[in-house]
Amino acid sequence: MLEDIITARKALFSDGVQTVLRGHENRNRRVVLLKGNLVQNSRSESRGISARVNNAGSFGFASIAEYTPEAAEKVLKAAGENALLLSKHRDKKILLPASALSESLPLNYNIIDMEQKKIIELCRQLDDYVVKKYPDLLSRTISYYEDSQDRIVCSSDACSGHLVTPRCYVYVTMSAETKDGVPVELFKALGGFGNYSDNFSDPEKLYPEIDKLYKKVMDKKEGVYAEAGQKTVILGGMMGGMLAHEAVGHTVEADLVRGGSVAGPNLNKRVASELVTMVDFAHSYNGAPAPLPVFMDDEGTKAVDDVLIKDGILVGYMNDRETAEEFHMPATGNARGWSFADEPIIRMRNTCILPGKNTVEELIASVEDGYYLIDSGNGEADLTGQFMFGVTCGYEIKNGRIGRALLDTTVSGIAFDMLKTVDMVSDEVEWSSSGFCGKKQPMAVGMGGPHMRCQIMIGGR
Amino acid sequence: MNGLRDTAGLMDGILKEQDIRKYTYTLSRSEKQELNLENGDFKLMRTVFNNSAYLRVFMNDRMGSVNGNDISREGLEQLAKDAVSAAESATEDPCHDIAPDQGSDVFRQGVTEPDIDRFLERIKEFLDVVKNEYPKINLMATIGAFDRWTWISRNSNGTEFEAFAGQYSFSLEFSASEGDRTTGIDYLGFSTADLDTPFIDMVDIRRRLENVQNSLDPQTLDGKFEGCVILTPATAADMVMTTIYNYASEGVVLDGTSQWLDKVGEQVASEKLTVSFKPYDERIIMGERGTANGFRAEEVTLIDKGVLNTLWLSLYGSKKTGRPLVKYTGSDLVIEGGDKTLEELIASVDKGIIMGGFSGGQPGANGEFSGVAKNSFLIENGKISGAITETMVSGNLGEAFKNIRGITKEQRCNGSTVVPYIAIDGIVISGK
């Protein structure tokens, strides 16, 4: 983990500008067993120092791939020069007010390295389990992926601290062939926040999830195409999380609001049914740690929860310090950078639609003719809130009962239209944390949601 | 920018000290100067100095690989230790290997000494043109960057490649608005080695800005029909690359899910389609020179007049399957132009769309795709009749490229790919 050479450099900060100095290390571990062959066996580490200087609204940023006091001095100087150069081309002058909170946050966790041999053994054990128990699969892949961020942040006029975010996952992918010889595939990510020992100390605990995945693959190989058109669907919790992140979350990032997103003219207006409340959680949910806790961002803002939609009314945006000032909202700690070389930009943390009162069984039983959409492989949305999610796992619902599995399909809609059709919400939330959000830089994010009944456009043949 | 020969000498010494006899490594050093604009205002100037070291070692047919960005003696020593540790943890697999001796070469690409003042002038000039000629356009995010880097790659068989390279790049995220009406976002970017041409005249920027301005009143379609989809060059590049990854890349060949496993030498697409990687094409600024396996990059035509020439296998995949090796691992895509103009293609379509973007689920191994047509226009009776929204398209990648109606002579070159418009029949297009 990083040794603190950052805090002592605060003495070098210039007067009259706002400065954040950040030491940052990213670490990755990757092992891939494809049909039992070790095709990837890699480790990587990158570290460096960055500085961002705000000179009356002109931002200068500089980073160096070295972690030394000399590197800190160099980036402070270069960032200051960049800000000054830019200020000559910019008319608008803004100096942000000092943050209300200026404290030093304690280290939140430890990063513990695991030797590569143990990681390979874990993958081998899971692969052996799959190949022995399910020899009829066309193919299987076991992938271990670990990434961690270790950051020391020191700001001129906000909080400082040393915070880490380790996470690790095993991805199990299975393929089978339909009776026509066409391959179908599903994957499941197992793991979460923490180190190897937090998630994989007993690999046998993963077997039940692997068994469930196999059943779904067998269902899918007998699957049918969805019928294209507007349908009544039950979105599973993972799909609900994707909706929260992609379709709504991005439109309420304040930098994108400033760019013209649909959330701009809809503030304090109804954008969803009254059953929908959505929050970007900082570090806790229901008294327990959120999937990827964020205690402070890379501007030194202490992270707090951000309520975005309350009972169907759009009530807030996610902000950095600059947009918070512009929109007269609190800065909530959403400005983050992925690596030492990345400037902080507004990112989601643990974005979630809150649970309702119905059970999942009640939701499914309520649908006469529709679909149950469980897992998504990817998703995108634009500023109008038009979204698309790939659906990798789903089933027909006929007369309130689960029917045949679906082959891969896609759903789409306009978020603020579609959310108004939500008329039942389940009483539990499913979270995921293995994904990356792409917005200039990658970022690890958590997302979650309940089951929801709604109307949605589905693609099919 | 100074070369890395001294650091490579240090690396060689460390490998020798640690008795590592079979290896390949690449060391690089890079600099970035990046100007970020938000809604047309200068927002942030960013400078990045980075290093990287990539090392693969082989211990009795066991392979381990490591990456890092600390290229000091201490950092490289640790990297070598970690690589050995990873390799010793692996199982033996003689198919992991390195390229035989490729000799020595020094590559110089693009421009390594930038004219930053001229670059800033070009950016300001672009902003002025957009403001004056395209008043409904919002330039949400504009990034202009100059990147330069040097790298050196050596392996234990004697290969040494060294490179000095640099380029300007310019990218935009933009939409249009008027009153309360806002369009979706379009994205574009290009790279260039010179600043001779105003940015507004690069690639197809004017056409893209006009298309977005003309999308403020999109229509929704009723029901569904099977029609012709004209892929714009950006969309065509994405869909062709997805097809290649889905059917011909190493992963799907090794796991046995490729639908083209036994199709080499056979017709897999329309005879109008020829798909190559051309790293030495003069229109491509930063073509690959050394492959990820350590070979000198070679041009390859994967699909020649619709016939699958080869699967896209690396040294590992080739040794594992006994199939031919492809000495290319980059993305310098060139799709040959056809014999039509865009106007002729549009005039030939009774009912269909011209699709400027595709937002869809990742197709499964069977190639089935469905998703939303973005930045798209309806074509009726040979004419563009207006922008569309909430429209989905679906089909099968393999089948789609067998049903090519026509390809334009015009190819779009953005500095890294060269791609025409491609019109495909038989795609399911569905509205509300």
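The largest share of the lining of the largest cavity, 3 residues, is contributed by β6(A), in a model that is predicted. Together with β6 (160–177), the strand β5 (139–155) of chain A belongs to the elements that give two or more residues to this lining. In total the lining of the largest cavity counts 14 residues, and those that lie nearest the centre are A:Arg151, A:Thr165, A:Pro293, A:Val294 and A:Arg336. Sorted by class, the lining of the largest cavity comprises 7 nonpolar, 4 polar and 3 charged residues.

Where this cavity sits can be read from the domains that supply its walls. Residues of domain 1 (7–221) and of domain 2 (229–459) of chain A both take part in the lining of the largest cavity, so the cavity lies between these two domains. Its volume is about 110 Å³, and the structure holds 7 cavities of 30 Å³ or more. As for how such spaces come to light, rolling a probe the size of a water molecule over the atoms shows where empty space is left.

The chain around this cavity can be taken next. Chain A is built with 9 helices and 26 strands. Its radius of gyration is 23 Å, close to the 23 Å that the globule rule gives for 461 residues, and chain A is therefore as compact as a globular protein of that length. Taken along the principal axes, the C-alpha atoms of chain A fill a box of roughly 70 × 55 × 40 Å, and of the 461 residues in this chain, 63% are buried.

One helix of chain A shows how burial is spread along a single element. Helix α2 of chain A, residues 116–133, has 18 residues and reaches 26 Å from its first C-alpha to its last, which is close to the 26 Å expected at 1.5 Å a residue. The buried residues in α2(A) include A:Ile119, A:Ile120, A:Leu122, A:Cys123, A:Leu126 and A:Val130, and A:Gln116, A:Asp127 and A:Tyr129 of this helix are buried as well.

Chain B can be described in the terms already used for chain A. There are 9 helices and 21 strands in chain B. The radius of gyration of chain B is 24 Å, close to the 22 Å that the globule rule gives for 432 residues, so chain B is as compact as a globular protein of that length. Along its principal axes the C-alpha trace of chain B spans about 70 × 55 × 35 Å, and buried residues account for 59% of its 432 residues.

Several loops of chain B deserve a closer look, beginning with two that hold a positive phi. B:Asn375, which is not a glycine, nevertheless has a positive phi of about 45 degrees, and this residue lies in the loop between β16 (368–374) and β17 (376–380) of chain B. Because its relative accessibility is 25%, B:Asn375 counts as partly exposed. In B:Glu390, likewise a residue other than glycine, phi is positive and near 50 degrees; B:Glu390 belongs to the loop between β18 (383–388) and β19 (392–396) of chain B. Here the relative accessibility is 14%, and since buried means under 20%, B:Glu390 counts as buried.

Other loop residues can be placed by their separation from a partner along the chain and in space. B:Gln267 lies in the loop between α6 (250–254) and β10 of chain B, and its relative accessibility of 45% makes it partly exposed. The C-alpha atoms of B:Gln267 and B:Gly306 are 5.4 Å apart in space, while the two residues are 39 residues apart in sequence. On the other side of β10 (275–277), the loop that runs to β11 (300–304) of chain B contains B:Thr291, which counts as buried because its relative accessibility is 8%. B:Thr291 and B:Pro114 are 177 residues apart along the chain, with their C-alpha atoms separated by 27 Å.

The last of these loops, between α2 (73–89) and β4 (104–110) of chain B, holds B:Gly103. With a relative accessible area of 26%, B:Gly103 is partly exposed. B:Gly103 and B:Gly398 are 295 residues apart in sequence, and from C-alpha to C-alpha they are 40 Å apart in space.

Definitions and conventions:
Residues numbered from 1 in each chain as written. Chains lettered and ligands numbered in written order. Predicted model: local features only at pLDDT ≥ 70, side-chain atom pairs only at ≥ 80, totals over all residues. Heavy atoms only, no water. Helix = DSSP H or I, 4+ residues; strand = E, 2+ residues; numbered from the N terminus. Expected span 1.5 Å × (residues − 1). Buried < 20%, exposed > 50% of the residue type's maximum accessible area, 1.4 Å probe, protein only. 1 Å grid on protein atoms, 1.4 Å probe; cavity = no way out; pocket = protein on both sides within 12 Å on 5 of 7 lines; lining within 4 Å. Points joined across faces, edges and corners; volume = space filled by probe spheres on them. Nonpolar A, V, L, I, M, F, W, Y, C, P; charged D, E, K, R; others polar. Domains from an automatic or database assignment. Rg over C-alpha atoms; globule rule 2.2 N^0.38 Å.
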